[in-house]
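Here are my notes on this one, written as numbered points so you can check each against the coordinates. Shout if anything looks off on your side.

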Amino acid sequence: MSREDIQKLVHELQVHQMELEIQNEELRRAQTELACSRDRFADLYDFAPVGYLTLDRHGVILEANLTAATMLGVERNGLVNRKLTDFLPDQAKEAWHLHRRTVFADSRNRVVELPLRASDGRPQRIRLESRACSDADGSVNRCRSAMIDIAEQEIAKEAFQRLNINLGQSLVGSETMLNRSIEHVRLLTEAVAHLGEGILITNDDLDWPGPQIVFVNDALCRITGYTSEELIGQSPRILQGDATDRDTLERIKSELAAGRSVLFELANYRKDGTPYDAELFITPLFDSDGRRTNFVAIHRDITKRKQSEEGLRREHELSEGIIASSQHIIVLLDTEGRIKRFNPYLEELAGWQLAEVRGRDWFEVFVPERERRSARGLFDRSLRGERTRGEVNSIVAKDGRELRIEWYDAPLTSADGEFNGLLCTGQDVTERLQDQQALREREERLQAVLNTAADAIINIDRDGVITDVNPATERLFGYTEQELIGQNIKILMPSPYCDEHDDYLARYRETGEARIIGSGREVAGKRKDGSTFPIDLAVSEVDHLDLFTGIIRDSSERKMLLRDLVGIAEDEQRRIGQDLHDGTQQELAGLGMLAQTLLNNLTNESGDQPDASRSKQRSLAQRIVEGIDRAHREVQTVSRGLVPGRLDQMGLVEALRELASRTDQLSGITCAFKCERPIQIGDDLTATHLYRIAQEALTNALKHARPEHILVALEYEDGQIVLRVADDGKGFDLARRSDGMGLKTMQYRASLIGAGLTVEAVETGGTLVSCTVADGEVQDDDR
């Protein structure tokens with residue numbers, strides 16, 4: 001090479017040397033700045049109030065910050081290559097393994113709460129937030145987890161205080177150490193970005209327009225709705241609004257200016273304008289020279305927590321209102337049975353004020369001595385978890401009164417499951433128990449009456465099904481109680497009553513019209529053996545129970561006695577009529593003949609008596625004759641009424657024909673008798689009662705109906721004798737005149753002979769009386 005070429009090459013080398021020196025200076029300056037930045041982020045990572053871990057797929061700890069080491073109670077160097085399960089109790093390992101599988105299943109953040117077995121034995125619980133991350137080759141074999149001590153929220157404050165002490169320290173190392181620091185910073189940045197709480201870092205300018213945001217993590221963006229680009233460079237005022245308290249902001253500014261950290265709650269606003277409650281912990285950062293460089297804020301959205309607190313407050317107020325206004329006793333006892341609290345209702349009921357007895361033994365104050373042992377036993381069983389419900393015992397009021405209380409209880413437990421008291425609720429049942437005792441005594445008395453009653457007593461429901469019977473019912477009808485309960489009442493009725501019963505109940509349910517209920521009635525009953533007998537029935541309704549009660553009396557013996565009495569009365573009437581006919585009437589006939597003779601003699605004598613005297617005697621004799629004649633006719637009429645003249649001789653047919661004829665002659669109306677075929681009645685008593693019924697029906701028609709025609713008919717239909725008396729008068733109001741003696745007499749006579757009697761209006765006008773009896777036979781014409 002020539003000299004010139006050598007000089008030129010040297011010159012170029014000198015230029016390159018200068019450029020390398022400049023580049024080397026710039027590289028050293030960049031390394032210095034990178035080291036400072038690495039140191040800041042390393043301190044933020046190591047001294048953050050949250051523990052950070054990097055774990056592999058098997059849960060082995062690869063990296064950890066100082067906070068995580070402190071929380072786990074192990075030096076940081078001793079954590080590497082240890083499994084996280086070494087620090088978890090057995091009952092939490094399954095939850096951790098499930099959490100680890102879900103973390104590596106997708107790239108979303110996963111959260112789990114786990115108990116932690118700390119080295120000092122102190123119980124501790126953490127919230128673990130994890131997210132899978134990719135290696136340089138794109139494989140997902142690691143996850144980053146943030147551990148938050150739920151029990152101690154002040155750990156963040158202490159971590160940031162330690163961060164202030166250690167900020168400003170610098171390290172000088174080789175390029176290899178620089179690369180490692182860069183990787184460490186990257187991991188720290190990743191960890192901060194994936195924290196559950198929002199992280200916001202600003203510069204330290206407190207004067208207007210205020211500090212500017214220089215860093216936000218993903219969590220803050222999720223909370224506020226802004227992107228990091230929209231937040232960085234802005235003032236934190238972008239998150240404030242009308243509801244943000246200005247006094248709180250001034251206090252924050254004052255505390256930060258004094259170099260102190262501050263924890264507060266503030267109303268902030270999201271990007272869409274919706275407000276939310278935020279909890280902020282702000283602490284200043286200092287460099288190695290003690291100069292304030294930045295502010296770091298941990299930002300939590302506590303809206304749900306505030307809502308929960310408000311809900312709990314309202315529930316507490318509601319519970320207090322319920323306790324204060326409840327009309328049941330509410331008592332809270334501790335595990336020794338001492339009084340912690342009771343409600344105003346017990347104060348009003350027992351006269352004790354809570355302030356007088358708080359802390360005293362419940363059983364000594366309120367429970368009678370005779371019941372303390374059993375009450376204490378119930379209390380002990382309740383504390384062991386046995387629920388006592390509906391137990392009744394006594395309490396003593398302040399004035400000495402004893403009240404019977406029905407108790408229900410519920411044990412109270414602490415967060416760790418230990419019993420710490422008993423909540424008891426009670427109801428004053430003193431009057432109820434007294435009423436129940438009185439009711440039982442009344443039921444016993446009533447049952448005694450029912451069991452000893454001679455009459456049958458039956459209860460049926462609204463469908464006619466028998467629900468209760470007394471022993472007299474069993475004796476009367478021949479059924480046992482088990483055979484009757486659940487059966488329809490028709491089982492005790494012969495035809496036609498059983499056929500009409502369901503229709504009667506249905507009509508009563510629809511219309512409310514009662515024909516038997518509330519009044520007595522004579523009907524027929526049917527025994528188990530199929531025999532029938534007459535009964536007196538009285539029915540009443542129990543509205544609120546939808547029941548009907550019937551009282552039944554066997555009237556067979558009474559009817560036999562009455563029938564005998566009526567027979568005796570008829571015999572006596574017949575004897576009196578015979579005596580009037582044979583004695584009095586004959587005497588009157590004889591006296592009439594003598595008076596007539598006297599009158600004839602007075603008329604024929606001419607004597608010496610003055611004409612005036614003879615005329616006076618004849619007039620007197622004439623009046624005597626006429627009076628005796630009238631008395632004779634009246635006695636004859638009475639005797640015929642007492643003894644139907646043809647009833648004994650020709651039977652009922654001729655007696656009724658004579659009755660119709662006599663009525664026709666004496667009343668001035670047309671009265672006819674109709675009997676197409678001769679009918680013979682074997683029972684004289686039955687014939688007598690039919691005659692009397694016809695006689696009473698004629699009397700009623702003449703007295704009330706004012707008819708022009710009356711027809712008396714005796715017929716034989718379907719094996720039964722039917723007596724009918726019809727008139728064309730003004731009619732008969734059965735509802736208004738049902739209490740008359742005439743109708744009662746006819747019904748009574750019909751019942752004595754087992755006959756059915758009906759009185760009804762005729763459509764064309766007038767009244768028809770019908771009496772039907774199953775007795776008698778038709779005489780053949782040849783007989």
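**Notes on the model**

1. Let's start with a loop. N81 sits in the loop that runs between helix 3 (76-79) and helix 4 (90-105). Its phi is near 70°, a positive value in a residue other than glycine. Is N81 buried or exposed? Its relative accessibility is 61%, and the cut-off for exposed is over 50%, so N81 counts as exposed. Bear in mind throughout that this is a predicted model.

2. R706 is another residue to check for backbone angles. Phi of R706 is near 50°, again positive in a residue other than glycine. R706 follows helix 22 and belongs to the loop between helix 22 and strand 23 (709-717). With a relative accessibility of 69%, R706 counts as exposed.

3. Helix 22 itself (residues 684-705) has 22 residues. From its first C-alpha to its last it reaches 31 Å, close to the 32 Å expected at 1.5 Å a residue.

4. The same check works on helix 1 (residues 3-46). What span should its 44 residues give at 1.5 Å a residue? The expected value is 64 Å, and the end C-alpha atoms are 62 Å apart, which agrees. As for burial, the buried residues in helix 1 are A35, R38, D39, A42, D43, L44, Y45 and D46. An α-helix has 3.6 residues a turn, so residues three or four places apart point the same way.

5. For the whole protein, the tally is 24 helices and 27 strands. Of the 783 residues, 39% are buried. Take the contacts between residues at least 6 apart in sequence: 50% of them join residues at least 24 apart.

6. Strand 6 (residues 198-203) deserves a look. Why call it largely enclosed by the rest of the structure? Because five of its six residues are buried. Strand 6 pairs with strand 10 (residues 292-301) in the antiparallel sense, over six bridges, and I201 stands opposite V296 in strand 10. Strand 6 also runs antiparallel to strand 7 (residues 213-216), joined by three bridges; here L200 has V216 as its bridge partner in strand 7.

7. Next, a hairpin. Strand 11 (residues 329-333) and strand 12 (residues 339-342) run antiparallel and are joined by three bridges. L332 has R341 in strand 12 as its bridge partner. Five residues lie between the strands of this hairpin, and G337 takes a positive phi near 85°.

8. Now the empty space. Rolling a probe the size of a water molecule over the atoms shows where empty space is left. How many cavities of 30 Å³ or more are there? The count comes to six, and the largest has a volume of about 220 Å³. Sixteen would be a long list to recite, so just the central ones: of the 16 residues that line the largest cavity, A375, L378, N393, W407 and C424 are the closest to its centre.

9. Which elements give two or more residues to that lining? They are strand 11, helix 13 (362-366), helix 14 (372-383), strand 13 (389-396), strand 14 (402-413) and strand 15 (419-428). Helix 14 gives the largest share of the lining, four residues. By type, the lining of the largest cavity divides into eleven nonpolar, three polar and two charged residues.

Note on methods
Residues are numbered from 1 along each chain as its sequence is written. This is a predicted model: local features need pLDDT of at least 70, side-chain atom pairs count only at pLDDT 80 or more; totals for chains, interfaces and linings use all residues. Side-chain values use heavy atoms; hydrogens and water are left out. Two strands pair if DSSP finds at least two bridges between them. The expected span of a helix is 1.5 Å times one less than its number of residues. Buried means under 20% relative accessible area, exposed over 50%, partly exposed in between (1.4 Å probe, protein chains only). On a 1 Å grid over the protein atoms alone, a cavity is a set of points where a 1.4 Å probe fits but cannot get out, and a pocket is an open set with protein on both sides within 12 Å along at least five of seven lines; lining residues have an atom within 4 Å of a point. Grid points are joined across faces, edges and corners, and a volume is the space filled by probe spheres set on the points. Ala, Val, Leu, Ile, Met, Phe, Trp, Tyr, Cys and Pro count as nonpolar, Asp, Glu, Lys and Arg as charged, and the others, Gly among them, as polar. Contact means heavy atoms within 4.5 Å.
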